[in-house]
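Visitor: Please take a close look at one residue of this model, and then set it in the context of the strands around it and of the chain as a whole.

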Amino acid sequence: MKYIYVKSTNGKVVTLIMDRNSLRCRQRGIKTNKEKVKSLQFISYKEMKRIQKINPCNVTPPLKYNTISKL
């Protein structure tokens, strides 16, 4: 399990605890109506700390993210 920092569309930083398989499933996912799922926008630990210093409310506590592969 790894900590991954992702920036959302509204500028907030979400900390995800996920393994490699969950990440791969999310990045290559397709919705039920055959549209591609938007890729995650990764940021570095340093950038997350910079955003947290400006406004601590913009960084969420770690969330566990598990998905099951379709295969």
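**Thr 15 and its surroundings**

Guide: In this predicted model, the bridge partner that Tyr 3 finds in β2 is Ile 17, and β2, spanning residues 13–18, is also the strand that holds Thr 15. Thr 15 has a relative accessibility of 4%, and because buried means under 20%, it counts as buried. Apart from neighbours within four places in sequence, the residues in contact with Thr 15 are Tyr 3, Ile 4 and Tyr 5, together with Val 59, Thr 60, Pro 61, Pro 62 and Leu 63.

The strand pairing gives the setting for Tyr 3, Ile 4 and Tyr 5: β1, which covers residues 2–7, runs antiparallel to β2 and is joined to it by 6 bridges. These two strands form a hairpin with 5 residues between them, and in the turn Gly 11 has a positive phi of about 95 degrees. β1 also pairs with β3 (residues 41–42), again in the antiparallel sense, over 2 bridges, and here Lys 7 stands opposite Gln 41 of β3.

Seen along the whole protein chain, the order of elements is β-β-α-β-α-β, which amounts to 2 helices and 4 strands. Of the 71 residues in the chain, 23% are buried, and Thr 15 is counted as buried. Where contacts link residues at least 6 apart in sequence, 56% of them join residues at least 24 apart. The chain exposes about 5800 Å², of which carbon and sulfur atoms supply 55%.

Technical notes. Residues numbered from 1 in each chain as written. Predicted model: local features only at pLDDT ≥ 70, side-chain atom pairs only at ≥ 80, totals over all residues. Heavy atoms only, no water. Buried < 20%, exposed > 50% of the residue type's maximum accessible area, 1.4 Å probe, protein only. Contact = heavy atoms within 4.5 Å. Pairing = 2+ DSSP bridges. Areas by Shrake-Rupley, 256 points an atom, 1.4 Å probe, with all protein chains shown as cover.
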